[in-house]
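Colleague: I would like to go through this model with you, one question at a time. Please give the reasoning before each result.

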Amino acid sequence: MNPLTIFARRFVAGERPQDAVRAGERLHAKGIKATFDKLGEDVLDEDAAKRATDAAKDLLRLIPTGIERNISIKMSSMGQEISRDLCLENVGGILGVAKEVGGFVRLDMEGSKLTQDTLDIFHTLRKNHDNVGIVLQAALHRTPEDVKEAVRRGDRVRLCKGAYREPASVALQDMGKIREAFKACAHELLDGGNYPAIATHDEELIADTIAHARARNIAASRFEFQMLYGLRKSRWEELVRDGWSVRIYVPFGTHWIPYFYRRLRERKENVLFVLQNLFR
Ligand code: FDA
């Protein structure tokens, strides 16, 4: 096994969907929920987009009834960069299967060149489906407006900082400012949103969310924390022990390199965490 593969095993549940489901079952036994993601992005070939679509449908059917059938997908692997119609057809088909099996599909948010298109496709799909949610990235300048719109529409939002490198014209660059933007968006979603997901490992933001929920008497059942497989495991368990809902993003598959590099690149702390974890 090469060193990269050893590193990636921290962040990726395995190569096969069965590996991910097994990780989901282990989480479930601890009262922790999961969302499963078959890794893959930036597909420019119609057949590959169809294969990714079929894999997502199979995954929904494979997840045992005992654990929630909750998956996350990247629309760039379902034909988003080929044509809007193809993507709508593919993702609409996935949502149809999700409905049959009582599942939920989260549309991950990718780089800013796809933001508006992702929101447009999401709004089109929302006309016929209520088992679909979106992701908004606190770092983007546009996000406070997108949060307001999502609250107005009753859309289910996962709020994260944003994992893609963006220019200053599009996104905040300073971590302090990103944190302040995250808090403001999270408060708005907690106050008026539809079961928001607060997706961060950042203790300042987790503590702020808990303080806000307590101050406003927002029940733990009205939102959830989300974190990534392999990061801050003991914190997931503590949060659950304290009565909060936690869902872990469980990626699997062979196309793990872009996902893995984003985790290492986004903050130098993550490299340190990987190294600490590796040698602990
Ligand atoms: P960040 O990595 O910025 O770290 C900040 C602080 O958190 C650290 O200084 C430390 O205090 C603490 N911390 C972090 N890791 C720790 C550890 N292992 N142990 C102890 N402390 C730790 N992005 C995107 O663009 N589109 C998407 O669809 C998604 N989806 C998504 C789903 C889920 C469930 C999560 C958690 C994240 C995403 N992201 C995402 C990624 C997100 O945008 C962001 O890049 C990462 O979560 C990193 O930012 P954080 O706020 O988690 O902490």
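Colleague: Is Glu 149 buried, partly exposed or exposed, and what is its relative accessible area?

Modeller: This is a predicted model, and every value here is computed from it. Buried means under 20% relative accessible area and exposed means over 50%, with partly exposed in between. Glu 149 falls in the middle class, so the answer is partly exposed, with a relative accessible area of 28%.

Colleague: Which residue forms a salt bridge with Glu 149, and how far apart are the closest N and O atoms?

Modeller: Side chains of opposite charge can pair when their charged atoms come close. The partner is three residues away from Glu 149 in helix 6, so about one helical turn separates the two. This partner counts as exposed, at 61% relative accessibility. It is Arg 152, and the closest N and O atoms are 2.9 Å apart.

Colleague: At what angle do the axes of helix 6 and helix 7 cross?

Modeller: Two packed helices are described by the angle between their axes and the distance between the axes. Helix 6 covers residues 143-153 and helix 7 covers residues 175-192, and their axes come within 10 Å. Helix 6 is roughly parallel to helix 7, because angles under 35 degrees count as roughly parallel. The crossing angle is roughly 5 degrees.

Colleague: Which residue of helix 7 meets Lys 148 of helix 6 in a salt bridge?

Modeller: Among the residues of helix 6 that meet helix 7 are Val 147, Lys 148 and Val 151, and the helix 7 side includes Cys 185, Glu 188 and Leu 189. The salt bridge has an N to O distance of 3.9 Å, and a pair counts when a side-chain nitrogen of Lys or Arg is within 4 Å of a carboxyl oxygen of Asp or Glu. The pair links parts of the chain 40 residues apart; Lys 148 is partly exposed at 42%, and its partner is partly exposed at 30%. That partner is Glu 188.

Colleague: How many salt bridges are there by this rule?

Modeller: Some of the charged residues are linked in a network, made up of Lys 161, Arg 179, Glu 180, Lys 183, Asp 202 and Glu 204. By the 4 Å rule, the count comes to 25 salt bridges.

Colleague: Which residue pairs with Asp 117 in a salt bridge?

Modeller: Asp 117 lies in helix 5 (residues 115-126) and the partner lies in helix 4, so the pair ties together parts that are 33 residues apart in sequence. The partner is partly exposed, with a relative accessible area of 34%. The N to O distance is 2.6 Å, and the partner is Arg 84.

Colleague: How far apart are the axes of helix 3 and helix 4?

Modeller: The two helices pack at an angle of about 10 degrees, which means that helix 3 is roughly parallel to helix 4. Residues of helix 3 that meet helix 4 include Ala 49, Thr 53 and Leu 60, and those on the helix 4 side include Asn 90, Gly 93 and Val 97. The axes are 9 Å apart.

Colleague: Which side chain of opposite charge is nearest to Arg 69, and how far away is it?

Modeller: Arg 69 sits in the loop between helix 3 (46-62) and strand 2 (70-73), and it is buried yet has no salt bridge. Its side chain reaches two backbone oxygens instead, that of Leu 60 at 3.3 Å and that of Val 101 at 3.4 Å. The nearest side chain of opposite charge belongs to a residue in helix 4 that is exposed, with a relative accessible area of 63%. It is Glu 100, 9.2 Å away.

Colleague: What is the phi of Tyr 195 near, and what is the phi of Arg 232 near?

Modeller: Most residues other than glycine have a negative phi, and most peptide bonds are trans. Tyr 195 is in the loop between helix 7 and strand 6 (197-199) and is buried at 17%, whereas Arg 232 is in the loop between strand 7 (224-228) and helix 9 (233-241) and is partly exposed at 34%. Both values are positive. Phi is near 45 degrees for Tyr 195 and near 60 degrees for Arg 232.

Notes
Residues numbered from 1 in each chain as written. Predicted model: local features only at pLDDT ≥ 70, side-chain atom pairs only at ≥ 80, totals over all residues. Heavy atoms only, no water. Helix = DSSP H or I, 4+ residues; strand = E, 2+ residues; numbered from the N terminus. Buried < 20%, exposed > 50% of the residue type's maximum accessible area, 1.4 Å probe, protein only. Lys, Arg positive; Asp, Glu negative; His and termini not counted. Polar contact = N/O pair within 3.5 Å; in protein donor to acceptor, adjacent residues only side chain to side chain. Axes fitted to C-alpha atoms, helices over the stretch in contact; angles between N-to-C directions. Parallel < 35°, antiparallel > 145°, perpendicular 65-115°, else oblique. Contact = heavy atoms within 4.5 Å.
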